[in-house]
Amino acid sequence: MKYGIICAMEEEIRLLLSDMTDCTVTEIAHRAFTHGTLYGKEVVLVQSRIGKVASASTATTLIDRFAPDCVIFCGTAGGVAPSLHVGDVVIGDKLVQHDFDCGVPERIFEIPLLGIKYFKTDASLNQALVNAVKNYINDEMRNDIPDRYLKEFGIQSPAVHTGTIASGDQFICDNEKNQWLYTHVNDLACVEMEGAAVAQVCYEFDVPCAVVRVISDSANDDSNVDFARFVEEAACHFTRGTMKAFLTAQK
Ligand code: ADE
């Protein structure tokens, strides 16, 4: 089994990269694809950079050139559902491009010709990721992230949620947009800028995919400040901890 793993940002990927062994790095189109061993499993790890085009092109190269058996996207998201708090983790059961609009109101979000609004992720990957996140939160999280940061971000006992993740080429930091998204997207949990693009590429290649996101901010008027601090001090630990628990538990 070969796992394709994508993160958008350097801060999110750096600890995973430092844990990889037997590495071969291949540069394609300004992306470094690192093929090697991570926690005992064969992995190709790559930083996509930010946004739907960057992540779709990265996922396409990853699948076409390295033929992973599945693709997992890890990173941060802004929580929109009122039940979400900073430090909670969302596993996306479906992904939608919230900025896709061809001008026909009842078809908002629908991808022309595919006729799909919501791309489903792989149920068994999702279940394994839910277990991995729970293990990380209960075991290693407090060793990795110093108490002062947990206090600063208001993280006590993070919860794991499953729901819709909406992606668009916008950092959402506005109360009005936040409310619009919550009203228009079915079962919306959180927003980010890559997942649905990767889910569409995986759908078209028929490769199972999953998206796991730790909540860094509340996608409202305060988001810019929270986000930078959180990514710097906490996101990399959540990403590594989750992927370590996930890959270690895989056969
Ligand atoms: N990633 C993390 N927080 C986000 C936000 N508020 N909007 C879009 N992408 C994000």
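This is a short dialogue on a predicted model and the terms used to describe it.

Visitor: What are the ground rules here?

Guide: The model is predicted, so local features need pLDDT of at least 70, side-chain atom pairs count only at pLDDT 80 or more, and totals for chains, interfaces and linings use all residues. Residues are numbered from 1 along each chain as its sequence is written, and side-chain values use heavy atoms, with hydrogens and water left out.

Visitor: Why is S167 called buried?

Guide: Buried means under 20% relative accessible area, exposed over 50%, and partly exposed in between, with a 1.4 Å probe and protein chains only. S167 has a relative accessible area of 0%, so it is buried. S167 is found in strand β8.

Visitor: How do you know what counts as a strand or a helix?

Guide: Both are DSSP runs, numbered from the N terminus: helices are H or I with at least four residues, strands are E with at least two. Strand β8 covers residues 160–167, and T162 is found there too.

Visitor: What makes T162 partly exposed?

Guide: T162 has a relative accessible area of 46%, so it falls in the partly exposed class. The C-alpha atoms of T162 and K94 are separated by 9.1 Å, although the two are 68 residues apart along the chain.

Visitor: What makes the contact of S167 with G195 a polar contact?

Guide: A polar contact is a pair of N or O atoms within 3.5 Å; within protein, one must be able to donate a hydrogen and the other to accept it, and residues adjacent in sequence count only if both atoms are side-chain atoms. The side chain of S167 reaches the backbone nitrogen of G195 at 3.3 Å.

Visitor: Why is helix α7 described as largely enclosed?

Guide: Helix α7 spans residues 195–205, and 8 of its 11 residues are buried, so the rest of the structure largely encloses it. The buried ones are G195, A196, A197, V198, A199, Q200, V201 and C202. After α7 comes D206, with a positive phi near 60°.

Visitor: Why remark on a positive phi?

Guide: Because most residues other than glycine have a negative phi. D22 is not a glycine, yet its phi is positive, about 50°. L113, also a residue other than glycine, has a positive phi near 75°.

Visitor: Are D22 and L113 buried or exposed?

Guide: D22 has a relative accessible area of 59%, so it is exposed. D22 lies in strand β2, residues 21–28. L113 has 91%, so it is exposed as well. L113 sits in the loop between β6 and β7.

Visitor: How do you know that H85 counts as exposed?

Guide: Its relative accessibility is 52%, so H85 belongs to the exposed class. H85 is placed in the loop between β5 and β6. A polar atom of the H85 side chain lies 3.4 Å from the backbone oxygen of S83.

Visitor: How do you know which residues surround the ligand?

Guide: A residue is near a molecule or strand if one of its heavy atoms lies within 4 Å of it. 13 residues surround the ligand, and the closest are G78, F171, I172, E192 and D217.

Visitor: Which nitrogen or oxygen atoms approach the ligand?

Guide: A side-chain N or O atom of D217 is 2.7 Å from a ligand nitrogen. A polar backbone atom of I172 lies 2.8 Å from a ligand nitrogen. For G78, a backbone N or O atom is 3.2 Å from a ligand nitrogen. The protein covers 97% of the 260 Å² of accessible area that the ligand has on its own, with areas from the Shrake-Rupley method and a 1.4 Å probe; for residues, only the protein chains shown count as cover.

Visitor: Which element gives the most to the shell around the ligand?

Guide: β5 does, with 3 residues.

Visitor: What makes a space in the protein a cavity?

Guide: On a 1 Å grid over the protein atoms alone, a cavity is a set of points where a 1.4 Å probe fits but cannot get out; lining residues have an atom within 4 Å of a point. The structure holds 1 cavity of 30 Å³ or more. The largest cavity has a volume of about 70 Å³, where volume is the space filled by probe spheres set on the points, and points are joined across faces, edges and corners. α8 supplies the largest share of its lining, 4 residues.

Definitions and conventions
On a 1 Å grid over the protein atoms alone, a cavity is a set of points where a 1.4 Å probe fits but cannot get out, and a pocket is an open set with protein on both sides within 12 Å along at least five of seven lines; lining residues have an atom within 4 Å of a point.
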